[in-house]
Amino acid sequence: MESIVPHISVDRRLSLGPLEAFLRLKAGLGRDLPQDHVRTLKQGLHAARRTSQKRAKRISSLKTRLGELERTRDEERRMLHYLLADAFERRGPWVTGVRIDGRVYGRATRHTSPRLREFFEAFPQASRGRVLEPGSLEGAMTLELARRAREVVGLEGRPENVERAEFLKGLFGVENATFHTTDLEEDDLSSYGTFDAVFCCGILYHLARPRRFVQRLASVSPNLYLDTQYARPEWDLTEREGLTGWVREEDPEDPQSGLSPTAFWPTLDELHRLLSESGYTRIETIALLPDNRHGPRVHLAASRQD
Ligand SMILES: C[S@@+](CC[C@H](N)C(=O)[O-])C[C@H]1O[C@@H](n2cnc3c(N)ncnc32)[C@H](O)[C@@H]1O
C-alpha cells in the first residue's frame with residue numbers, strides 16, 4: 001500500500017483542512033469526494049506547495065543577504081578595531097584601559113573602583129549638577145562622571161593627558177565635559193565658576209601645598225569627595241603649612257606624579273583638621289584603607305551648608 005507520508009515538505013503554516021485533504025488524496029480516500037471538491041482541494045494543495053516553494057526561495061535569498069551583511073559587518077569591525085588600535089597607539093603610552101566593543105585599548109589592565117558610586121551617593125545633587133575633577137588624568141573618570149552630571153570640568157597638569165582625554169571625549173561623543181591644562185599648585189580655580197561637588201581623587205598626595213589647594217576647592221564648592229593617601233603618625237614627620245605630615249619625593253618619570261619635586265602628606269588627624277579649618281562642617285569617612293599597598297588611604301565626603 002502506498003505510504004500516506006507526504007512526499008513534499010508541508011509548510012508549517014498549512015492549516016489542518018488542506019493537510020487532511022492531502023493525506024486523504026494520498027491514501028486514496030478522496031475518491032468518494034465530489035469531483036469539484038477534489039479539484040478545489042488539489043488546487044489548494046498546489047497553491048500551498050507553490051507558496052511553500054516561494055517562501056523557501058525567499059528564505060534562501062534572505063540568508064544569502066544576511067551572510068553578506070555579516071561579512072561586511074565583520075569587515076567593518078575589523079577595520080574599526082584596526083583604526084582604534086592605531087589611534088590609541090599614536091597617543092600612548094596610556095595609563096587608562098578603555099574597553100570598546102569587547103576589546104581593551106590603552107593599558108591592558110582594568111580596575112573597578114567604588115569611587116564614582118560613593119561620590120554620587122554622598123552628593124546626589126552632583127547628578128545633573130556641575131562637577132569639578134582636579135587631576136583628571138586621561139579623562140576616563142571625567143567621562144564617567146559626565147554620564148550623570150550636567151557638566152564636568154577636568155583639570156590636569158600634563159598636556160599629553162588632556163590630549164588623550166579630548167580624544168576619548170570625541171570618540172564617545174561626550175559634549176558636557178571640558179578639559180583644561182593647568183598646574184593645580186598655582187591655579188586658584190576662580191576662572192571655572194562654582195560647582196555642586198568636587199570629585200578629588202588621587203591628587204592631594206601629589207601636591208606640595210595641600211592646605212592651599214583644599215582651601216581653593218572649598219572656595220568653589222561646598223561639597224568635596226576626597227580619595228587620598230595620608231601619613232602614619234610613626235613616620236618621620238615634619239611641619240608644612242601649619243600641618244604635621246610627611247614629605248614624599250615625587251618621581252618625575254612617573255606619568256601620574258605631581259609637578260613639584262616633593263609632595264606633603266598630612267596625617268589622618270591633620271587631614272580632618274585641614275578640612276574643618278577650610279570650612280567643611282560635616283566630614284564623613286566613607287572608606288578607611290590603612291593597608292593600601294601604595295600607602296594608607298581614605299575616602300571622605302566633606303560638606304558645609306551654604
Ligand atoms: C595619580 S593620578 C590620579 C588620576 C585620577 N584622578 C584617579 O584617581 O584615578 C594624578 C593625576 O594628577 C595629575 N597631577 C599631578 N600633579 C598635578 C598638578 N600640580 N597640577 C595638575 N595636575 C596634576 C597627574 O598628571 C595625574 O594625571
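**Exercise 1. Identify the residue of strand 9 that is the bridge partner of R240, and place the pair in its sheet.**

Step 1. The partner of R240 in strand 9 is L243. The model is a predicted one, in which local features need pLDDT of at least 70 and side-chain atom pairs count only at pLDDT 80 or more, while totals for chains, interfaces and linings use all residues. Residues are numbered from 1 along each chain as its sequence is written, and side-chain values use heavy atoms, with hydrogens and water left out.

Step 2. Strand 8 and strand 9 (residues 243-249) run antiparallel and are joined by 3 bridges. Strands here are DSSP runs of E with at least two residues, helices are runs of H or I with at least four residues, and both are numbered from the N terminus. Two strands pair if DSSP finds at least two bridges between them.

Step 3. The open sheet consists of 3 strands in the order 8-9-10, with antiparallel pairing. Strand 8 (238-240) and strand 10 (262-266) are the edge strands, each pairing on one side only. On average, neighbouring strands of this sheet are turned by 60° against each other, direction ignored.

Step 4. Helix 7 (residues 268-277) packs on the sheet and touches strand 9 and strand 10; its direction makes about 115° with that of strand 9. Contact means heavy atoms within 4.5 Å; axes are lines fitted to C-alpha atoms, for helices over the stretch in contact, and angles run from 0 to 180 degrees between N-to-C directions.

**Exercise 2. Describe the sheet with mixed pairing and the helices lying across its strands.**

Step 1. The strand order is 5-4-3-6-7-12-11 in an open sheet of 7 strands. Its edge strands are strand 5 (177-181) and strand 11 (282-289), each of which pairs on one side only. From one strand to the next, the twist averages 15°.

Step 2. Strand 11 pairs with strand 12 (residues 297-303) in the antiparallel sense over 7 bridges. Within strand 12, L300 is the bridge partner of T285.

Step 3. Helix 3 (residues 115-122) lies across strand 3 (130-134), strand 6 (197-201), strand 7 (223-229), strand 11 and strand 12, at about 155° to strand 6. Helix 6 (residues 210-220) lies across strand 3, strand 6 and strand 7, and runs at about 170° to strand 3.

**Exercise 3. Locate the hairpin of strand 1 and strand 2, and examine the backbone geometry at D101 and P93.**

Step 1. Strand 1 (residues 97-100) and strand 2 (residues 103-106) run antiparallel and are joined by 4 bridges. V98 stands opposite Y105 in strand 2. The hairpin has 2 residues between its strands.

Step 2. D101, in the loop between strand 1 and strand 2, has a positive phi of about 50° although it is not a glycine. Most residues other than glycine have a negative phi, and most peptide bonds are trans.

Step 3. G92 and P93 are joined by a cis peptide bond, with omega about 0°. P93 lies in the loop between helix 2 (35-91) and strand 1.

**Exercise 4. Characterise the residues around the ligand and its polar partners.**

Step 1. Among the 22 residues around the ligand, G135, E156, R158, L184 and C201 come nearest; a residue is near a molecule if one of its heavy atoms lies within 4 Å of it. The shell has 7 nonpolar, 9 polar and 6 charged residues, with Gly counted as polar.

Step 2. A polar backbone atom of G135 is 2.8 Å from a nitrogen atom of the ligand. An oxygen atom of the ligand lies 2.6 Å from a polar side-chain atom of E156. For G157, a backbone N or O atom lies 2.9 Å from a nitrogen atom of the ligand.

Step 3. The protein covers 94% of the 590 Å² of accessible area that the ligand has on its own, by the Shrake-Rupley method with a 1.4 Å probe.

How values were computed
Polar contact = N/O pair within 3.5 Å; in protein donor to acceptor, adjacent residues only side chain to side chain.
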